[in-house]
Amino acid sequence: VRHLEDIGKENINGKDTDLIQYYPTIKYDGVRCFLYIKNKRIYLVRSSFIKEWIPIKLDKRYYYKLLPGLCMVGDTIAEGEYMEDDKFYLSDIRLYDGKDVRDELFLERYKKLKSLKSSITDDSIMIKTYFGIDDEYNFYKAVNKAIDSIRDENLNDKIENDGLVLQPSTTYNASVKTGNKKTRFHPIFKW
């Protein structure tokens with residue numbers, strides 16, 4: 001477990017940096033799934049059984065659900081949270097219109113999520129809100145906005161949540177070096 005004051009003091013892709021921007025978002029209490037788009041059809045895919053979902057023929061570990069909408073973007077893989085109210089909240093994207101976008105910074109991938117959402121005809125697909133993206137960046141103000149948003153949503157009983165997620169501004173495949181260790185992972189923090 002890392003302390004908040006240590007966040008942002010890392011070595012990313014071999015370059016020392018004093019601050020990596022982190023964009024807070026609400027950690028929904030849903031099921032992590034992938035949105036897969038192929039031939040304009042929209043599928044939700046997950047790695048364990050959910051009632052009514054259909055097993056993928058060649059792999060019994062994965063199941064999918066075909067959504068009723070269509071998408072005008074080509075082959076795409078995005079990830080997010082599937083909620084009990086049958087809504088899917090997009091949080092990041094790996095493949096967009098046939099192009100691997102994992103080496104793009106988060107803000108570029110977020111723009112692609114918005115573009116993807118605008119091309120989908122299914123109203124049950126939403127984009128998670130990341131705080132601090134549209135404002136002049138201030139980590140503490142962004143965290144406070146996220147916490148205020150949780151309070152508002154709890155009062156309205158809209159979405160079950162499980163804390164905060166801090167999304168880094170780096171690429172999806174950022175190399176992170178802490179101390180003598182170099183690991184290759186997507187450094188997301190959850191509270």
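Eight aromatic pairs turn up in this predicted model by the ring-centre rule. One of them brings together Tyr23 and Tyr137, which sit edge-to-face with 5.6 Å from centre to centre and 80° between the planes. Tyr23 belongs to strand β3 and Tyr137 to the loop between β11 (125–127) and α2, so this pair ties together parts of the chain that are 114 residues apart in sequence. Both partners are out of the solvent's way: Tyr23 is buried, and Tyr137 is buried too. The pair is also part of a wider group, since ring pairs link Tyr23 and Tyr137 with Phe106, Tyr110 and Tyr130 into a cluster. Another tyrosine, Tyr28, has a charge for company: Lys128 lies over its face, at 4.9 Å from the ring centre.

The loop between β11 and α2 also holds Asn138. With a relative accessible area of 30%, Asn138 counts as partly exposed. Its side chain has a polar atom 3.0 Å from the backbone nitrogen of Lys141. Asn138 also pairs up, in terms of distance, with a remote part of the chain: Tyr22 is 116 residues away in sequence, yet the two C-alpha atoms are 9.4 Å apart in space.

Now for the nonpolar interior. The largest nonpolar core takes in 40 residues, and those with the most contacts inside it are Leu35, Ile42, Phe88, Leu90, Leu116, Ile120 and Ile125. Two or more core residues come from each of the strands β3 (22–28), β4 (31–38), β5 (41–46), β8 (76–82), β9 (88–96) and β12 (161–168), and likewise from the helices α1 (106–118) and α2 (139–156). Ile120 gives a good view of the packing: leaving aside residues up to four places away in sequence, Ile120 touches Leu35, Ile37, Ile42, Leu70, Cys71 and Ile125. Over in strand β4 there is Cys33, which is buried with a relative accessible area of 0%. Cys33 and Leu90 are 57 residues apart in sequence, and their C-alpha atoms are 9.4 Å apart in space.

Not every buried residue is nonpolar. Lys112, in helix α1, has a relative accessible area of 18%; the cut-off for buried is under 20%, so Lys112 counts as buried. The side chain of Lys112 makes a polar contact with the side chain of Glu104, at 2.9 Å. Glu104 is also among the residues that Lys112 touches once those up to four places away in sequence are set aside, along with Ile93, Tyr96 and Val101.

Stepping back to the whole chain, the fold contains two helices and 15 strands. Of the 191 residues, 45% are buried. Among contacts with a separation of 6 or more, 57% involve residues 24 or more positions apart.

As for confidence, the mean pLDDT of the protein chain is 78, and 70% of the residues reach 70 or more. Residues 1–18 are another matter: the pLDDT there is below 50, although this stretch has 38 contacts in the model beyond near neighbours in sequence. Where pLDDT is low, the predicted coordinates should not be read in detail.

Key. Residues are numbered from 1 along each chain as its sequence is written. Side-chain values use heavy atoms; hydrogens and water are left out. A nonpolar core is a set of buried Ala, Val, Leu, Ile, Met, Phe, Trp, Tyr and Cys residues joined through side-chain atoms within 4.5 Å. Buried means under 20% relative accessible area, exposed over 50%, partly exposed in between (1.4 Å probe, protein chains only). Helices (H or I, at least four residues) and strands (E, at least two) are DSSP runs, numbered from the N terminus. Contact means heavy atoms within 4.5 Å. pLDDT is the predictor's confidence in each residue, from 0 to 100. Rings of Phe, Tyr and Trp (its six-membered ring) pair if their centres lie within 6.5 Å; planes under 30 degrees apart count as stacked, over 60 as edge-to-face and the rest as tilted. A charge sits over a ring if NZ of Lys or CZ of Arg is within 6 Å of the ring centre and within 35 degrees of the ring normal. A polar contact is a pair of N or O atoms within 3.5 Å; within protein, one must be able to donate a hydrogen and the other to accept it, and residues adjacent in sequence count only if both atoms are side-chain atoms.
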